[in-house]
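Q: I have a model open here and would like to talk it through with you. Can we start with what the word "buried" is supposed to stand for?

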Amino acid sequence: ADLRLNASILGRMFGDRGLEAFAPIAEHIIVADFSRTAITNHSAAAVAAMKRLRVLRVMDTRLTDAAFLHFETLNQLESLDVYGTPITPEVLPAIGRLPKLAHFYAGRTAISSGKSIPDNLIGKLVF
């Protein structure tokens, strides 16, 4: 079964421990929305275990570059929304290696259109 996980409705009440509870079904999750939750870099491995993930939303979370480097294994990911996270341009090469990524939303981050954007992200990056 294809599952969609929307933890954003719980807001800051959902954190790393809440995400750990989904480990047994991680391979079935195709859409995950952790926007405005309390997940941290500690959850990076749990997210990376969602091998069939197509859409990942982590807007306004505290995930940093260290977490996004774990996401290189998400080879089915088509859409990534990192709006309002503390990520930097340092993660762009790793994100650019996601083979199916079509949309990368990076508004209100340290990434800006004036910076050097890898060729494989041109046309996919939205601010």
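A: A residue is called buried when its relative accessible area is under 20%, exposed when that value is over 50%, and partly exposed in between. Please keep in mind as we go that this is a predicted model.

Q: OK, then is S79 buried or exposed?
A: S79 has a relative accessibility of 15%, and because buried means under 20%, this serine counts as buried.

Q: Where does S79 sit, and which residues does it touch?
A: S79 lies in strand 4, which covers residues 79-81. If its neighbours within four places in sequence are left aside, S79 is in contact with R54, V55 and L56, and also with L101, H103 and Y105.

Q: What does the sheet look like as a whole?
A: The sheet is open and has 6 strands in the order 1-2-3-4-5-6, with parallel pairing. Strand 1 and strand 6 stand at the edges, and because each has a single partner strand, one side of each is left without a neighbour in the sheet.

Q: How many bridges join strand 1 to strand 2?
A: Strand 1 pairs with strand 2, residues 29-33, over 4 bridges in the parallel sense. Within strand 2, I29 is the residue that stands opposite L3.

Q: Changing topic, how many salt bridges are there?
A: The count comes to 4 salt bridges. One of them joins the side chains of D2 and R52, with an N to O distance of 2.5 Å, and this pair links distant parts of the chain, since D2 is in the segment before strand 1 while R52 is in the loop between helix 2 (44-48) and strand 3, 50 residues apart.

Q: Which other arginine meets D2?
A: The side chain of R54 also meets D2 in a salt bridge, at 3.9 Å from N to O. R54 lies in the loop between helix 2 and strand 3 and D2 in the segment before strand 1, so this pair ties together parts that are 52 residues apart in sequence. D2, R52 and R54 are thus linked in a network of salt bridges.

Q: How accessible are the three members of that network?
A: D2 is partly exposed, with a relative accessible area of 44%, R52 counts as partly exposed at 33%, and R54 is partly exposed at 32%.

Q: And what does R97 pair with?
A: R97 forms a salt bridge with E72, and their closest N and O atoms are 3.1 Å apart. This pair also links distant parts of the chain, as R97 is in the loop between helix 4 (92-96) and strand 5 and E72 is in the loop between helix 3 and strand 4, 25 residues apart. E72 counts as partly exposed, at 34% relative accessibility.

Q: Which residues make the nonpolar patch on the surface?
A: I9, L10 and M13 make a nonpolar surface patch of about 380 Å². I9 is found in the loop between strand 1 (3-6) and helix 1 (16-20), and with a relative accessible area of 69% this isoleucine is exposed.

Q: Last thing, what is there to say about phi at D60 and R108?
A: Most residues other than glycine have a negative phi. D60, in the loop between strand 3 (55-57) and helix 3 (65-70), has a positive phi near 55 degrees. R108 has a positive phi of about 55 degrees although it is not a glycine; R108 lies in the loop between strand 5 (103-105) and strand 6 (125-126), and is exposed at 54% relative accessible area.

Key
Residues are numbered from 1 along each chain as its sequence is written. This is a predicted model: local features need pLDDT of at least 70, side-chain atom pairs count only at pLDDT 80 or more; totals for chains, interfaces and linings use all residues. Side-chain values use heavy atoms; hydrogens and water are left out. Patches are made of residues with over 30% relative accessible area and no salt bridge: like charges are joined within 9 Å, nonpolar side chains (Val, Leu, Ile, Met, Phe, Trp, Tyr) within 5 Å. Accessible areas come from the Shrake-Rupley method with a 1.4 Å probe; for residues, only the protein chains shown count as cover. Helices (H or I, at least four residues) and strands (E, at least two) are DSSP runs, numbered from the N terminus. Buried means under 20% relative accessible area, exposed over 50%, partly exposed in between (1.4 Å probe, protein chains only). Two strands pair if DSSP finds at least two bridges between them. Contact means heavy atoms within 4.5 Å.
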